[in-house]
Amino acid sequence: MSDQKYFQNALSNFIFEAASGGAIRHLTDLGYTVSEIMERLDVPTPYERVQKAVWQRLLDTGVLLLEEPGSENGREKVTYVRDYDRYGKPSFRRVVTPVEHCGAEKGVIWRESCLDGDGDIAVILKQKCMENGEESSYVSCDFGLRLYDKAESSLYLDVISEKTHREYIQGLPWERKLCYHRLDKRMREIIAALYKGGEYHGICYFGKVGEKVRL
């Protein structure tokens, strides 16, 4: 990369961080979708830039994992620190800190079971998360594999009645691989809707109690 290109990228990143970065991270933490965040930004920001920032924030905070929960690959916690040079000019520095555990205790020995279809799936998942704790409860997501097939994505997203839930899935730049999302209230409702509509097959991970549940 040429010096000029490097400088332009650095300048672009700095302007983005100063104008929108903090707001996007804050709104992401509050649970807003990409579309909702776009509506609330004071500074016009490209949709793709917001998508990437939201995705990165979800990774940084452990809401999303790219590796199976309990794997040996720990994640990293990312924070942003404002620095000033000797002339008082501010800049942002990205600080990366290793996090010991990645959604569950590393090397956990899983106890596996299958949901037999009896009972309300939403109630079952809520109870499991209460027993285990949301922060170490995850579910496998194949959205990145399915969204690129327009016919397929239209078919399975139709079973999700909540508009903001559909927007949440469609707004994220899912990678073309299996990912793992924390089983928070919204994701439990999404998975429950897909499961009831016959459009979900995957695994829930409850790290503290060491349980995998196949749906």
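Mentor: Two strands count as paired if DSSP finds at least two bridges between them. Keep that in mind for this chain, which is a predicted model.

Trainee: Okay. What makes β7 and β8 a pair?

Mentor: The cut-off is at least two bridges, and β7 and β8 have four, in the antiparallel sense. So they pair. Two of the matches are easy to find on screen: Y205 stands opposite K212 in β8, and F206 has E211 of β8 as its bridge partner.

Trainee: And what sits between the two strands of that hairpin?

Mentor: Four residues separate β7 from β8 there, and G210 takes a positive phi near 65 degrees.

Trainee: How do you know that β4 and β8 pair, and in which sense?

Mentor: Same test, with the cut-off at two bridges or more. β4 and β8 (residues 211–214) share four bridges and run in the parallel sense, so the pair passes. In β8, V213 is the bridge partner of S113, and R214 is the bridge partner of C114.

Trainee: What about β5 and β7, how many bridges do they have?

Mentor: Three bridges join β5 (residues 137–141) to β7, with the strands antiparallel. The rule asks for at least two, so that counts as a pair. V139 stands opposite C204 in β7.

Trainee: Why is the sheet's pairing called mixed?

Mentor: In general, strands of a sheet pair through backbone hydrogen bonds, either parallel or antiparallel. Here, β4 with β8 is parallel, while β7 with β8 is antiparallel. The open sheet has six strands in the order β1-β6-β5-β7-β8-β4, with mixed pairing.

Trainee: What makes a strand an edge strand, and which ones are they?

Mentor: An edge strand pairs on one side only, and here that describes β1 (64–65) and β4 (111–114). For the wider picture, the chain has eight helices and eight strands.

Trainee: Which way do the residues of β7 point?

Mentor: I203 and Y205 point one way and C204 and F206 the other, and all of them are buried.

Trainee: Why is E199 called buried or exposed?

Mentor: Buried means under 20% relative accessible area. E199 comes to 15%, so it is buried. E199 is in the loop between α8 (185–196) and β7, and its contacts beyond four places in sequence are R146, L155, Y156, V159 and L194.

Trainee: What puts Q51 in its class?

Mentor: Q51 has 13%, and the line is drawn at 20%, so Q51 is buried. Q51 belongs to helix α3 (residues 47–60). Leaving out residues up to four places away, Q51 touches V34, Q170, G171, L172 and P173.

Trainee: And S71, how do you know which class it falls in?

Mentor: At 17%, S71 is under the 20% limit, so it is buried. S71 lies in the loop between β1 and β2 (76–84). From S71 to V108 the C-alpha distance is 8.3 Å, though they are 37 residues apart in sequence.

Trainee: What share of the chain is buried?

Mentor: Of its 215 residues, 39% count as buried. The accessible surface is about 12300 Å², and carbon and sulfur atoms hold 50% of it. As for contacts with a separation of 6 or more, 66% link residues 24 or more positions apart.

Trainee: What makes an empty space a cavity, and how many of 30 Å³ or more turn up?

Mentor: A cavity is where a 1.4 Å probe fits but cannot get out. The count is one at 30 Å³ or more. The largest cavity has a volume of about 40 Å³, over that threshold of 30 Å³.

Trainee: Which residues line the largest cavity?

Mentor: L115, I124, L125, K128, C204, F206, V213 and L215. Two elements, α4 (121–132) and β7 (203–206), each give two or more residues to that lining, and α4 gives the most, with three.

Trainee: How does the lining divide into nonpolar, polar and charged?

Mentor: Seven nonpolar, no polar and one charged. Lys counts as charged, and Leu, Ile, Cys, Phe and Val as nonpolar, so K128 is the charged one.

Definitions and conventions. Residues are numbered from 1 along each chain as its sequence is written. This is a predicted model: local features need pLDDT of at least 70, side-chain atom pairs count only at pLDDT 80 or more; totals for chains, interfaces and linings use all residues. Side-chain values use heavy atoms; hydrogens and water are left out. On a 1 Å grid over the protein atoms alone, a cavity is a set of points where a 1.4 Å probe fits but cannot get out, and a pocket is an open set with protein on both sides within 12 Å along at least five of seven lines; lining residues have an atom within 4 Å of a point. Grid points are joined across faces, edges and corners, and a volume is the space filled by probe spheres set on the points. Buried means under 20% relative accessible area, exposed over 50%, partly exposed in between (1.4 Å probe, protein chains only). Contact means heavy atoms within 4.5 Å. Accessible areas come from the Shrake-Rupley method with a 1.4 Å probe; for residues, only the protein chains shown count as cover.
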